[in-house]
Structure formats: structure tokens, C-alpha cells
Amino acid sequence: MPGTRTTPLRSLSLPLLSLALLLPLATACGGAADADGPAGDGRTVTVTVGYQSKTINTVTAGTLLRSLGYFEEELAARGKKDGVSYEVVWQDYATGAPITAQMTAGKIDIGSMGDFPLLINAARGKQLRQPTRLVSVTGYNLRGGLNTVVTKPGSPVRSLADLRGKKVSTSVGSAADGTLVRALQRAGVDPAKDIRKLNQQPSVGASALTAGSVDALSQFVAWPGLLAFEGRATALYDGAELNLPTFHGVTVREKFAKERAGVLDDFLTAQRRATDHLRARPVAAAESVAEDTGLPAEVVYLYNGAQGIAIFDPELRPELVDALKQDVPLLKEAKLVGDVDVDAFVDRAPLARAASKSAPYPKAAAARPELWLKGQSDTRTFDSPKALLKAVAGADSAVRAAYVPDAVTGTSWFADKAVWVAEGAELRAFVTPAGARAYVDGHAGSRVVDYPTALRLAAS
């Protein structure tokens, strides 16, 4: 199938007697066969991993992990010990829904997806007697900044209230859909009656927005940032305004986890290694993901960079599990799930085994302004937005990208796409015009200024 890659791993053979003893284990494999049948020829274990290359907050369990080869390395070491060859099949999808469909059919063993799709994964697995378990996290944002509602530049839609009677594209059942529903409800807009919601794949919705056939698009990483970077969209609503965590995570078929616990441990160990790599070399990781996905590296870095919107840490944090529980009623109301036992779905044991020798990652600090100059493999951070703009204005080299956190939500955004507010000698950035207006309304003497004016003020 398109987007499928297979990586064979050949291990050293053992004497025939030892190999014969291992055959029963080798036939109880993963996704290359049907739900109950064997995969491989008895000496080969096939592990099928579903991922979303364009959903770049899953890279430590997908695109980046695959490119680094860490999972294959872990399995090669296992193969030398047990005399079995391991083969990894990587299957790329646009959303979490087809990954769930393949998992419940026994065709995919391990998958990564966002929080709302994870709950659907849990519900479908139980319903179809192919239960799954959430075993780790990839990227998260504790305020919800991974999802954004955008409009076409120059749109008359200036607030969520302006969406009444308008057409809005989203992917129903996704975290972006959840953000849209919650945001509209808070704004006093009925998401079921007051808008015309179109259920579209992210790429389709992006094209529809550009063509003007929809008035707004609510999507998850990396689509809003990509459209803004390309000048095809303006942020209308920053998901971080909800102040509700959102994340992507790794789910596994329960049967596979039981029969191949060591392989799952290897995957989570490899994910931890990929996370270490991303955190230690964020620019290199962004460049690698950009090359594999076709996304601009500047957009990848907006989300996955050192000061990016996403934090990468596999830990199943209590805040994230609690957020899942808060998501269940929303999905039930949309008739996408029934009851979901979140506590039963979350399985911390595999990650605890895989990370037993690793120190926990430090807690994330607030994002800082960051500058990426062309030709540089490292970025510079600054103590204030004004200091960033001063550096941009005086840069000897061309600026590849400048990032600045929203003054209220902390969501990083492109400095030249942000809405700037001048207040005395200070300069503040906002992701959305509504956020900037709200600040100005509450702070006498402050005013909205355009980006060139902000640069001039910073340099003076």
C-alpha cells in the first residue's frame, strides 16, 4: 500500500533444536496477518507500525523514529538473542481513524494518534474485541496550543461569533474538532446548529480554505502553522485559550502487548531514544522530518523546536490522562463513542519497564523568543520579544524564521505573522487579532502595530 515501508532485520541463526523451541513464539506475531493468524514464516516476526507523517507531534513514534532506525536497532539486538528475524512495516496515514480501523482488524500492532482519536481507538477496540492500550505520549501542550482555527487572509470573519451561518472545515472526531466545538460553545455559538461543519481531511480542508469554499478551518498540527507560514491563512483562535491539555500518544493492541511484551518494550525504548535526539538536536530533527514529509523545516520547528508549541516526553502525565476523561463527554455527545474507561485504557507498565534506567525529563519552562538565521545549525533565544525584534532588524544574515510566544497563552508563532502590540517601551506578540484587541482594550495606552513598525520600534 502507498506509504508502507518494510525494514528487514536479519539475526544470527541458532541451532535447529533451539530454533524449534522458539517457533511457537515466532508465529504469534503482529500486523502482517489477520487478527488471530501468524505473521511471517515462523522464523520472522513482523511488527506493523501505523503513524502519521504530516502530524508531526507523533514523530518520536513515527517519522523521526523510522528515519533514525532506533526501533530496528533494538529489535536486531533482540533477534541475536532469540534467533528470530524481525521485520518492521511502517504504514503512513493522514489521520488516526484508518490506523484504528487497521488495529481493530489485527493489521497494525502499534499506532500513534491524537487524544480524541485515541479515545475512539479505545472504544472501537473494545467494541470489536480487539482491545487496545495507551502506553506512551509523543508531543503535548498543556494549554491546548496544538490546535488552531484559521481563516483566509483578509476574511471578514474576525471572531468566533462571526462564524454563525458560515462553513467551517474540520476532521470530525479529531482533537481539532474538539477544539472547535469547545471554543464555539464558550463563545455562545451552537456548533451543531449555528455553523455548517464540513468533515474533511486536513489537506482537503486546507485547499477548500485557499479556494474560498469554506470560511474557516479548524485543524491540528502542522496544518495551521503551514498555512500561516505560506501566507494562506490567518489565525482566528488559538487552541491554548481553552487552557485544556492536548496531546498525541502511542496505542498498542492488547493481544500484541501480551504476546510480544519485549518487542513493545523495544519500541518504547526506541521512542525514548528518538525523544532524546529531538530534545538534544531540535534543528537537526526538524530538518530530518522536513526532508521526509515535504513540510518546510521552519514549520516543523514551530511545533517541535526547542521553544516549540509541543513538549516531547513519553510520560503519561496525570494532567493528560485527566484531559482524556474530560474529552469523553464531548465524543459521546457527538455519538462517536459510548462510555470509555480511561483508567483501564491507560497502561503505564510497559513505559515503566522501558524507561526504568532513564532519568525523567525536566519540566518544560515557558517558551522564549527564538531566532533561526539562514546557514545556521543552531538558534538563539532572547529574554523578550523586543530583544528578538532588535536582533532581527540588525541581523547580518538572512532570517530563516523568528518565533515569539503569545503574551497570554504562551503559544509560539512566527514573529512576522503575529499581531503586535506596543505598550510604552514594551512590545508584545499575539497569535490572533482577537487576542491583541482584548489586551489593548484592557490596557490604556497600548496599541496594535504592524510588523514593520514593531521592528522599527525595537531597533530605535
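The following points describe the overall build of a predicted model and one of its sheets.

1. Composition. The protein contains 18 helices together with 19 strands. Its radius of gyration is 23 Å, close to the 23 Å that the globule rule gives for 460 residues, so the protein is as compact as a globular protein of that length.

2. Extent. Taken along the principal axes, the C-alpha atoms of the protein fill a box of roughly 85 × 50 × 40 Å.

3. Burial and contacts. Buried residues make up 56% of the 460 residues of the protein. Among contacts with a separation of 6 or more, 75% are accounted for by residues 24 or more positions apart.

4. Surface. The protein exposes about 18,600 Å², and carbon and sulfur atoms supply 51% of this area.

5. Charges. The protein carries 52 positive and 48 negative charges. The mean positions of these two sets are 2 Å apart.

6. A four-stranded sheet. One open sheet consists of four strands in the order β14-β13-β15-β16, and the pairing is antiparallel. Its edge strands are β14, at residues 380-381, and β16, at residues 412-414. Each of these edge strands pairs on one side only.

7. The β15 and β16 pair. Within this sheet, strand β15 spans residues 399-405. Three bridges join β15 to β16, and the two strands run antiparallel. The reader may locate this pairing by V404, which stands opposite W413 in β16.

How values were computed:
Residues are numbered from 1 along each chain as its sequence is written. This is a predicted model: local features need pLDDT of at least 70, side-chain atom pairs count only at pLDDT 80 or more; totals for chains, interfaces and linings use all residues. Side-chain values use heavy atoms; hydrogens and water are left out. The radius of gyration is taken over C-alpha atoms; the globule rule is 2.2 Å times the number of residues to the power 0.38. Buried means under 20% relative accessible area, exposed over 50%, partly exposed in between (1.4 Å probe, protein chains only). Contact means heavy atoms within 4.5 Å. Accessible areas come from the Shrake-Rupley method with a 1.4 Å probe; for residues, only the protein chains shown count as cover. Lys and Arg count as positive and Asp and Glu as negative; His and the chain ends are not counted. The place of a charge is taken as NZ of Lys, CZ of Arg, CG of Asp or CD of Glu. Two strands pair if DSSP finds at least two bridges between them.
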